[in-house]
Structures are given as structure tokens and as C-alpha cells.
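Good morning, and thank you for making time for this presentation. I would ask you to look at the structure on the screen while I describe a metal site and the elements around it.

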Amino acid sequence: MIAPSILNANNMKLGEEIQEAADNGITRFHLDIMDGHFVPNLSYGPELVSAFKKEFPKLTAEVHLMSNNLPVTIPLFVEAGADLIEFHLEATDKVEEWLDYLHAHHVKAGLAISPETPVEELQLYLNKVDQILVMSVKPGFGGQSFNEKTPARVKRIYQMIKENNLEIPIEVDGGIDDQTIKQVKEAGAKIFVAGSYIFKKGPIKQQIQKLEKAAN
Ligand code: DX5
Ligand code: ZN
């Protein structure tokens, strides 16, 4: 499954570009939220998420929350109607509490992990997460190049999930193109976030098709 990140879409034509991707089979969008503190950049607020759900009620809004002010930001995005919220393992020492909070509010709970964090740190939370987001770039900006250590990290996480007899989809985010998608798919990832490849490198329809072809 491909989850386009709208970070590199044309902000002045956002609705049209989302519609075009949806017309070409995309059902889930990756909404990158940056708080200017956990990462050195700012992006959207909860209004974007509620506007998305209002305009496209059938599409899944996956929020990638790059914030460490979770007591403020998580409730805002729950209230805005996010279907799934992926917060960072590095952003809090109350990981379990926030996973429970999301479930109590009927929102799917994802855990994101940055490239420098040892993957073993996920172990404690595997029985409570609905999805794992493996960052293949440093969070904060679109258009960065893929970290070559990612496939090995995905493979290890995939093994950890199997060893625990669980079924948790692994998603990879950052630098995904028609080459890197093959490497992470082979390592066990199921969901692929692509921003610039879909919205910046050519017609949206063509880019989606190229990515799908490469993945199959
Ligand atoms: C980076 C974001 C990514 C990124 C993906 O902080 O989490 O979702 O925008 O963009 P590309 O595909 O351009 O790396
Ligand atoms: Zn992201």
C-alpha cells in the first residue's frame, strides 16, 4: 500500500492533488505534522486534518505526529478526526499511556522510530501498537535521501514481530522511490510513504503507477 505524504504537494492545489491521487487508487494519506520543537520545521495544524476528513470522509487520514508536546498535540489531532496517529518513540517517556489513550479514543495507534534509535526499543510496546513507522530519513523535511541502513532495520523489526506471534504492518517513510521501495518491501515493509516522488517528480498518476509497478 502506498500512502502519499502531502508535504511536497502544491499547497495551493492540495484538494485537487489529493483527489487525483484518490482517483488513481490511493485510499490513505500521510499527513506530516511538525511542531517546530521536536523537529526544526513547522507544517500543518489540526484544521488540515479536519478539513481533509470533511472533504474526503472515505479516505484514511494517517497523522505522523512529529511533536514532543503530546499532552497538547495528541488530543488536538484526535479531536480533528485522525484515523491513525503515529507518534515518536523518542518524543515521550509515556509511550504506553499514549497508546492506551489513542485506543480509548478509538484511534489507531502507531509508533514511529527515527533512524538513530535502536530498533530493540520497540520491543516493550509491540503488543499495543497497530502499526510501526520506520523513518528512513531524519524527521523534519521532505525530499531527503534514503538511509541505506533502513532495510536491515525493517528486517529486524519484522523478525521481532514474528517472534512475538504478532501481525503488525511496518510502514517506511522518507526517500521512497522506485528503487528504495523494492529494498524495504523485500525486508518486510507493507506500507510505503512517498512524498516528493509522487507530487514533485512528474504527473501524479504516472508516479503512482511507477511506484506500484516497482513494488510488484
Ligand atoms: C519527513 C516526513 C516524510 C517526508 C516524505 O519528516 O515524515 O513523510 O515528507 O517525503 P519524501 O518522500 O520526499 O522523503
Ligand atoms: Zn512522515
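A donor, in what follows, is an N, O or S atom within 2.8 Å of the metal, and water is not among the atoms. Please keep in mind that this is a predicted model.

Let me begin with the zinc ion, ligand 2. Which residues supply its protein donors? They are His30 through NE2, Asp32 through OD, His64 through ND1 and Asp173 through OD, at 2.0 to 2.2 Å from the ion. Along the sequence, the spacing of these donor residues reads H-x1-D-x31-H-x108-D. The site has six donor atoms and is octahedral, with angles of 70 to 171° among them. For reference, the ideal angles for six octahedral donors are 90 or 180 degrees.

Are histidine 30 and aspartate 32 buried or exposed? The cut-off for buried is under 20% relative accessible area. Histidine 30 has 0% relative accessibility and therefore counts as buried. Aspartate 32 is buried as well, at 5%.

I turn now to the sheet. Eight strands make up an open, parallel sheet, in the order E1-E8-E7-E6-E5-E4-E3-E2. Strand E1, residues 2-4, and strand E2, residues 28-34, stand at the edges with a single partner strand each, so one side of each has no neighbour in the sheet. From one strand to the next, the twist averages 25°.

Although strand E2 stands at an edge, seven of its seven residues are buried. Arg28, His30, Asp32 and Met34 point one way from E2, while Phe29, Leu31 and Ile33 point the other way. E2 runs parallel to E3 and is joined to it by seven bridges; within that pairing, glutamate 62 of E3 is the bridge partner of histidine 30.

Elsewhere in the sheet, strand E6, residues 131-135, and strand E7, residues 170-173, run parallel and are joined by four bridges. Here methionine 135 stands opposite aspartate 173 in E7, and Asp173 is one of the zinc donors already named.

Finally, consider helix H2, residues 46-55. Its buried residues include Pro46, Leu48, Val49, Phe52 and Lys53. These residues cover an arc of only 160° around the axis, which means that they lie on the same side of H2. Glu47, Lys54 and Glu55, on the other side of H2, are exposed. What covers the buried residues of H2? The cover includes helix H1 (14-23), E2, strand E3 (60-66) and helix H3 (70-79).

Terms used: Residues numbered from 1 in each chain as written. Chains lettered and ligands numbered in written order. Predicted model: local features only at pLDDT ≥ 70, side-chain atom pairs only at ≥ 80, totals over all residues. Heavy atoms only, no water. Donors = N, O, S within 2.8 Å, 3.2 Å for Na, K, Ca; no water. Tetrahedral: all angles 85-135°; square planar, octahedral: opposite > 155°, others 65-115°. Buried < 20%, exposed > 50% of the residue type's maximum accessible area, 1.4 Å probe, protein only. Pairing = 2+ DSSP bridges. Helix = DSSP H or I, 4+ residues; strand = E, 2+ residues; numbered from the N terminus. Axes fitted to C-alpha atoms, helices over the stretch in contact; angles between N-to-C directions. Arc of directions from axis to C-beta. Contact = heavy atoms within 4.5 Å.
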